[in-house]
Structures are given as C-alpha cells and as structure tokens.
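Got a model open and want to talk it through? Here is a run of questions and answers to go with it.

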Number of protein chains: 2
Amino acid sequence: MALGDAILACLTERPMSGYELAKTFDSSIGFFWKADHQQIYRELSKLRDRGHIQGHEVVQSGKPNKLVYTLTQEGRAALRHWGARPSSPPMMKDDLLVRLCALDSFDIEPLRADLMARLEHHRDRYARYERILNKLFPDGKATSVADTGKLLGLRIGLRHEQAVAEWCEEAIETLAAVAKPAPVLLLEDTSRESNS
Amino acid sequence: MALGDAILACLTERPMSGYELAKTFDSSIGFFWKADHQQIYRELSKLRDRGHIQGHEVVQSGKPNKLVYTLTQEGRAALRHWGARPSSPPMMKDDLLVRLCALDSFDIEPLRADLMARLEHHRDRYARYERILNKLFPDGKATSVADTGKLLGLRIGLRHEQAVAEWCEEAIETLAAVAKPAPVLLLEDTSRESNS
DNA sequence: CCGGTTATTTACCGTAACGCGAAAAAGTCA
DNA sequence: TGACTTTTTCGCGTTACGGTAAATAACCGG
C-alpha cells in the first residue's frame, strides 16, 4: 500500500488532479516509481474513501473540468504516521541477476546486448540526474528542508546509476572474454546439448 | 512470471525439492529475490503442468519422502528462450525515496533512525558478499562460465551495497545538519500545523 | 458540422505476486 | 504419548499491475 502514500507525498507539494499526478509519476517521482493512470485513479478513490484527500472540481475553459485533490488533515497525519514507520530496503529483483546465476544455461550474445542497452540506460539516467541537479542546485546546496530531501534523492540516484553503469562495463568486458575462447564450440552447442 | 524462471535457473545447478528450493531462496538467490515456500510450491505446480520440470519421488529414511524436480528439455529450452529476451532495469521502489521527496512532511528523527538501520544493513551485506567472494574466488578469477556469472553477481552486489552505504552516511550527516537548527520549533510543530 | 485530438475520468476484467493461517503426512526423539 | 522436523498442500485474501475501452468535454481543422 505504498502507492497511496506516494500519492499523498506528491500532493504535499501542491493539489493535483489524477491526470496531473499521472504525469508527475512519469517524470520526477517516476524515476523510481511507475504507476499508470488507472492505478492512480483507483488509489485516489481509495484515499478519498478513507478521507485522506478531498476532491474539488475545478472548472476549466478549453478543457474538461478536473478534480483537484487536496490533502486533508487526516491525510497529512496518515502520511506523517507512515513516514515514522521503519522502511525495509527493497529487493533488487532483476532478471539479469537471475541469468547470471545460471550463466551457462543462456546464450551469451543476447545477454551482452542486454547489458549494452542497460549501460546506455544508466548513463542516460545519470546524465539526466546531473542536469536536474545542476539546474535545481547550481551550487550544490539545498536551502530548505524540502530541497534537502530532493537533493538527497538525486544523490542516491547519481550514485546508483554510476555504480551500475560501471558494473555494466565490467560485465560486458568479462562476457566478451568468456564468449571468445570457444567460438567454434558454440556453433554446435546451441542447438543440441548432451542428450542424456 | 519471473519467479518461475528463477526457479528453473536454480534447478540448472542441481535437481531440488520444493523444500530445498525454499532454503536456496533464503540464501544465495535470496540476496536479491524473496519467495516463501508456498509461492515456490505453487510455482512448481505450474511449471510441472507446463512440462518444464519433472518430479521424481525420492524415498528417504528418517524423513518423509521428497519430490525432487528436474528440468526437462522443454524447461531448458524455455529458460534459454527467456534468457534471450531483453530485460528491463528494475525500478528502485523505495519508501525512503518517497519520504525524501516530501521531506518537510515527515519527522526527521525516525527517518534518521531508519537511515542508520539501513547503513548497518548495507554494510552487513557488503561484508557478507566480500566473505563469499573471498571464499569462492580467492584469487578474484572465475574459471568456468557458471562461475563467471556468479562472480559478476557478487560484483554488482558489492558495488551496490557500497554505493548505498556511502549515500546513507551522507544522508545521515545532511539530516543531522537539518534537524539541529530548529530543535525548539519542532516541539510545537509536531501536533498541530497551520489549521486552515 | 463531422471527425480527429487532447484532456480527464471511470469501468470491467484478468492475473501475477504476495502473505497468512492452517494442516496433512511421515518420521524422529524424548 | 507428545513435541518437533521435514515435506508438501489447501484455501482465502489483498495488493499490485496490466489491457481494453468507453464516457465526457472541449478544442481544432476542414
């Protein structure tokens, strides 16, 4: 049930409609939390039923009206209460790691391609985080408490992307060394292995 | 449906019963994948229905008999096929990061405690990985393809734990600096904020 | 004014994943 | 006999996630 709390956290910044929240979950928070618009609307209904948020219709010209949700006092309290509970470090559930565990049961080439795509992805992420960091904190210092949190979020993002990107490079090199020594064997080995 | 594939990957090492798999998921693979015994048994049934694994009863003395599962040719093929599909980098869904996004809506102290627990956790993990590394690869070199995969798994584990641990230290320091400047205000601020 | 696009919300349906509590079966040991 | 380990299974529930799609509502282009 952390999605609800993530939404509450988003709403502390400013009241938003489901549509806006969905877009927020595509950008800032979306860097480490995915949720499509349906999950969000569903979660919003639940939160409203619980009295954690209140919806106010905002009439718009040129667009359909929207329901802008605001945190209630109960919502704030619930959020604060949730924030006081200890969190547990998330699992790194990663298909790639499973494949590495049984590396000799897989073809190396697709894995290498996968790793190259990852490397690009993580480098890209790193660059994006860096750009945001430079834009929001040109001097590297946060002025408010809220900014401090965002800075720390960027920092762990940067650290993580860098670490994983470096590992990808290492893994690609290692796999290249593994794939080369026996290129002749592989040709016969792919379609038929030791029929017992 | 990645749990099924993780089980298949485990079974490439050696045939195992559900009970043994559950314990495996508590140790080696369990570092980055959690599954209790029920999930495993349920998944095993599905895999057997699909013909990816075969169960053979093994009579035991002193214990109830057990059903040892072996990969079938279809299972191997399915696993290989799964391994050839591109993977997508996992989300870092972390409650802590959500809290950082709205840092000023939370109490700092529990967060700091949380971070300290995390720091310990990640250092612990790091030490465990290092111990395993030194035991399995005293010279830092893998000899077989399978070992190469395991080595790479350990490497990313080490890199990740180190990066996060370092970040935890940074975050703890930063939060300490944030919490101190206004200790007097916090006393009144916790129970009642700006009643609108 | 018709049709396409964007913004906004909602409904229905499926299933994978997780978790809890329980218990059956088989054997050991005290 | 009773408690405990090993091994497997059942059943119920929730959360999360995913797709398809449709109901509004207003715009814009022709």
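Q: This is a predicted model, so what turn lays chain B on chain A?
A: Keep in mind that we're looking at a prediction. Chain B goes onto chain A with an RMSD of 0.1 Å, and the shift along the axis is 0.0 Å. That is how a two-fold axis relates things. The turn that does it is 180°.

Q: Do the copies meet through the same surface or through different ones, and what percentage tells you?
A: Look at which residues of chain B sit in the interface, then check for them in the interface of chain A. The overlap is high enough that the copies meet through the same surface. The share of chain B interface residues that are also interface residues in chain A is 97%.

Q: How many residues of chain A are in contact with chain B?
A: Start from the other side: chain B puts 72 residues into the contact. On the chain A side, the number is 70.

Q: What area is buried between chain B and chain A?
A: The size of an interface is often quoted as the accessible area lost when the parts come together. Here carbon and sulfur atoms give 65% of that area. The total between chain B and chain A is about 6,900 Å².

Q: Which three residues supply 11% of the area that chain B buries against chain A?
A: No other three residues of chain B supply more of the area it buries against chain A. The trio is B:Phe32, B:Arg80 and B:Met92.

Q: How many salt bridges are there between chain B and chain A?
A: Over all chains, the structure holds 26 salt bridges. One that joins the two chains pairs B:Glu170 with A:Arg159, at 2.4 Å from N to O. The count between chain B and chain A is 8.

Q: Which residue of chain B meets A:Glu170 in a salt bridge?
A: A:Glu170 sits in helix H7 of chain A, and the pair crosses to helix H7 (residues 145-179) of chain B. A:Glu170 counts as buried at 18% relative accessibility, while its partner is partly exposed at 26%. The side chains come to 2.4 Å, N to O. The partner is B:Arg159.

Q: How many residues apart are A:Glu13 and A:Lys150?
A: Their side chains meet in a salt bridge at 3.4 Å, N to O. The pair links distant parts of the chain, with A:Glu13 in helix H1 and A:Lys150 in helix H7 (residues 145-179) of chain A. A:Glu13 is exposed at 52% relative accessibility, whereas A:Lys150 is partly exposed at 24%. Along the chain they are 137 residues apart.

Q: Which residue does B:Glu169 meet in a salt bridge?
A: The bridge is 2.7 Å from N to O, and it runs from helix H7 of chain B to helix H6 (residues 108-136) of chain B, 46 residues apart. B:Glu169 is partly exposed at 33%, and its partner is partly exposed too, at 46%. That partner is B:Arg123.

Q: Within what arc do the buried residues of H4(A) fall?
A: Helix H4 (residues 73-84) of chain A reaches 17 Å over 12 residues, close to the expected 16 Å. Its buried residues are A:Gly75, A:Leu79, A:Arg80, A:Trp82 and A:Gly83. Seen down the helix axis they line one face, because they fall within an arc of 160°.

Q: How far apart are the end C-alpha atoms of helix H6 (residues 108-136) of chain A?
A: At 1.5 Å a residue, its 29 residues should span 42 Å. Its buried residues include A:Leu111, A:Asp114, A:His122 and A:Tyr129. The distance in the model agrees with the expected span: 42 Å.

Q: Which residue of chain B does A:Ala6 touch?
A: A:Ala6 lies in helix H1 (residues 2-13) of chain A and counts as buried at 0% relative accessibility. Within its own chain, A:Ala6 touches A:Phe25 and A:Ile29. The C-alpha atoms of A:Ala6 and A:Phe25 are 9.6 Å apart. Across in chain B, the contact is B:Val98.

Q: Which residues of chain B are in contact with A:Leu103?
A: A:Leu103 is in the loop between helix H5 (95-101) and H6 of chain A. It counts as buried, at 0% relative accessibility. In chain A, its contacts include A:Ile108, A:Leu111 and A:Leu175. From chain B come B:Val145, B:Thr148 and B:Gly149.

Conventions. Residues numbered from 1 in each chain as written. Chains lettered and ligands numbered in written order. Predicted model: local features only at pLDDT ≥ 70, side-chain atom pairs only at ≥ 80, totals over all residues. Heavy atoms only, no water. Least-squares fit on C-alpha atoms with pLDDT ≥ 70 in both. Contact = heavy atoms within 4.5 Å. Helix = DSSP H or I, 4+ residues; strand = E, 2+ residues; numbered from the N terminus. Expected span 1.5 Å × (residues − 1). Buried < 20%, exposed > 50% of the residue type's maximum accessible area, 1.4 Å probe, protein only. Arc of directions from axis to C-beta. Buried area = accessible area lost by both parts, 1.4 Å probe. Salt bridge = Lys/Arg side-chain N within 4 Å of Asp/Glu carboxyl O. Lists of a residue's contacts leave out its neighbours within four places in sequence.
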